[in-house]
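Me: I am new to this structure and would like a close look at a single part of it. Please begin with one residue and its loop, and then connect that part to the rest of the chain.

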Amino acid sequence: MNMKKIDILRYLKGDKYLWAFITLLALFSFLPVYSASTNLVTTYGETNTVFGYLFKHALFLLVGFCILFFTQFIDYKYFYRMSILSIPIVSILLIFTIIQGKELDGVNASRWLYIPIINISFQTSSIAGLVLFIYCARYLAQKKKERMNLIHSFFPLIFPIFLIIGLIFPANGSTAILVFISVLIILFIGGYPFTGVIGILLMGIIAAGIYIYSVIKWGDKNPMNRVYTWKSRIENFLDHDSEESYQMKQSKTAIVLGNKFGRGPGKSVLKAFLPQSSSDFIYAIIIEEYGSIGGILLLFIYILILLRIMVISTKIQNYFCSLLVLSVGFPIINQALINMGIAVGLFPVTGQTLPLISAGGTSMWVTFFSFGIILSVSRIIYDNPCYMEKKNFS
């Protein structure tokens with residue numbers, strides 16, 4: 001029996017604490033997803049069942065763990081080499097996503113790329129964001145000993161950043177903003193001049209402002225146009241005297257009903273009334289069923305993951321590896337904090353999922369792939385404790 005356990009653990013490379021936290025969150029996700037799926041059954045008809053959604057979630061997690069398992073064996077040098085080639089590839093995917101159209105089965109699907117032959121759709125923005133993070137880490141590692149500024153880094157760094165984010169922004173503004181904030185954090189940590197970071201931030205604000213103004217001034221007022229959706233959500237969030245959105249009302253009600261210890265697993269009342277209760281607003285259902293204590297414990301696990309990411313990045317002496325771990329790790333925690341913040345009313349509704357917990361496909365798989373990259377770097381430390389690679393890529 002002990003031999004079997006040892007044989008299994010042999011194939012789990014890298015940081016064991018990170019493996020434990022990922023597995024813990026994935027296993028816990030079955031409870032809120034199973035509970036919240038009753039809303040999906042009510043919405044989409046009796047042909048769908050709660051067990052059907054649970055099976056789908058299990059399948060997504062299984063694929064995710066397969067991605068995690070195989071990614072941990074990939075040498076991190078390949079991520080360095082492939083980052084440049086990946087930028088034009090994801091740019092083409094984003095363009096195809098925009099060209100494909102704005103509706104799919106009557107739903108705004110301009111953020112999804114649909115493949116008709118195999119009947120699969122995936123969110124290209126999640127993949128593009130990850131590629132951009134790795135690319136930024138590569139550039140910063142390559143230019144570590146050089147003097148960086150806005151002029152010299154415009155084409156090799158700033159242009160790819162605005163190209164990717166600019167292609168994401170029209171259809172998925174919240175993801176574009178999250179990616180942009182994460183990129184700024186990566187640049188700051190990676191030693192890019194602070195004045196340059198501020199300059200990129202101002203350029204982003206100006207570019208977004210021009211786009212939004214142009215759409216409102218000369219664009220159509222089709223409800224599928226995302227600018228009017230953003231405008232409505234921000235107005236509802238800022239105007240405390242007006243009626244809040246239906247989603248926020250239900251989310252806050254669920255949190256109030258949860259109190260300290262919650263109503264108990266599967267006993268949520270608001271899951272039947274809260275839209276996206278199994279994805280975007282799953283944190284509200286978790287608090288309703290497990291109380292504020294359960295919500296705080298979940299937040300604590302994400303903080304522990306952040307600490308492990310920081311430990312791994314500081315123990316490895318290869319500069320690119322340190323930046324790579326932070327570049328793919330920080331956005332996961334950012335997304336988790338934003339999702340939680342939306343549920344409790346700190347931010348406007350954006351549609352960001354809770355990593356490893358929410359039901360979904362592309363976002364979950366990208367998260368598993370990101371953790372796989374971190375584990376592939378961490379195995380240098382934990383599998384070879386006497387080895388610290390000092391080679392600096394150029």
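Reply: N259 counts as exposed, because its relative accessibility of 54% is over the 50% cut-off for that class. The model is a predicted one, and the values that follow are computed from it. N259 sits in the loop that runs between α10 (246–258) and α11 (282–315). Its phi is near 55°, a positive value in a residue other than glycine. Most residues other than glycine have a negative phi.

A second residue can be set beside this one. L356 also has a positive phi, about 70°, although it is not a glycine. L356 belongs to the loop between α12 (319–343) and α13 (362–382). In its surroundings L356 stands opposite to the residue described above: L356 is buried, with a relative accessible area of 3%, whereas N259 is exposed.

The loop between α10 and α11 also holds R263, which takes part in a salt bridge. R263 pairs with E288, and their closest N and O atoms are 3.9 Å apart. Since E288 lies in helix α11 and R263 in the loop before that helix, the pair ties together parts that are 25 residues apart in sequence. The partners are not equally accessible: E288 is buried at 0% relative accessibility, while R263 is partly exposed at 35%.

Helix α11 has a further link of this kind. D15 and R308 meet through their side chains in a salt bridge of 2.6 Å, N to O. D15 is in the loop between α1 (2–10) and α2 (16–44) and R308 is in helix α11, so this pair ties together parts that are 293 residues apart in sequence. Here D15 is buried at 0% relative accessibility, and R308 is buried as well, at 16%. The structure holds 4 salt bridges; another one of them joins E146 and K143, at 3.6 Å from N to O. E146 is partly exposed at 46% relative accessibility, and K143 is partly exposed at 22%.

Empty space can be considered next. The structure holds 2 cavities of 30 Å³ or more. The second largest cavity has a volume of about 40 Å³, and among the residues that line it are D280, F281, N339 and I342. The second largest pocket has a volume of about 980 Å³. It is lined by 37 residues, of which F169, G173, S174, A176 and I177 are the closest to its centre. The elements that give two or more residues to that lining are α6 (154–168), α7, α8, α9 (226–238) and α12.

On the surface, a nonpolar patch of about 780 Å² is made by F188, I189, F194, I198, L202, I205, I206 and I210. Helices α7 (173–189) and α8 (194–218) each give two or more residues to this patch, and α8 supplies the largest share, 6 residues. I205 is one of the residues in helix α8.

The whole protein frames these details. Its secondary structure comes to 13 helices and 4 strands, and 49% of its 394 residues are buried. It exposes about 19800 Å², of which carbon and sulfur atoms supply 69%. Among contacts between residues at least 6 apart in sequence, 72% join residues at least 24 apart.

Methods: Residues are numbered from 1 along each chain as its sequence is written. This is a predicted model: local features need pLDDT of at least 70, side-chain atom pairs count only at pLDDT 80 or more; totals for chains, interfaces and linings use all residues. Side-chain values use heavy atoms; hydrogens and water are left out. Buried means under 20% relative accessible area, exposed over 50%, partly exposed in between (1.4 Å probe, protein chains only). Contact means heavy atoms within 4.5 Å. Accessible areas come from the Shrake-Rupley method with a 1.4 Å probe; for residues, only the protein chains shown count as cover. Patches are made of residues with over 30% relative accessible area and no salt bridge: like charges are joined within 9 Å, nonpolar side chains (Val, Leu, Ile, Met, Phe, Trp, Tyr) within 5 Å. On a 1 Å grid over the protein atoms alone, a cavity is a set of points where a 1.4 Å probe fits but cannot get out, and a pocket is an open set with protein on both sides within 12 Å along at least five of seven lines; lining residues have an atom within 4 Å of a point. Grid points are joined across faces, edges and corners, and a volume is the space filled by probe spheres set on the points.
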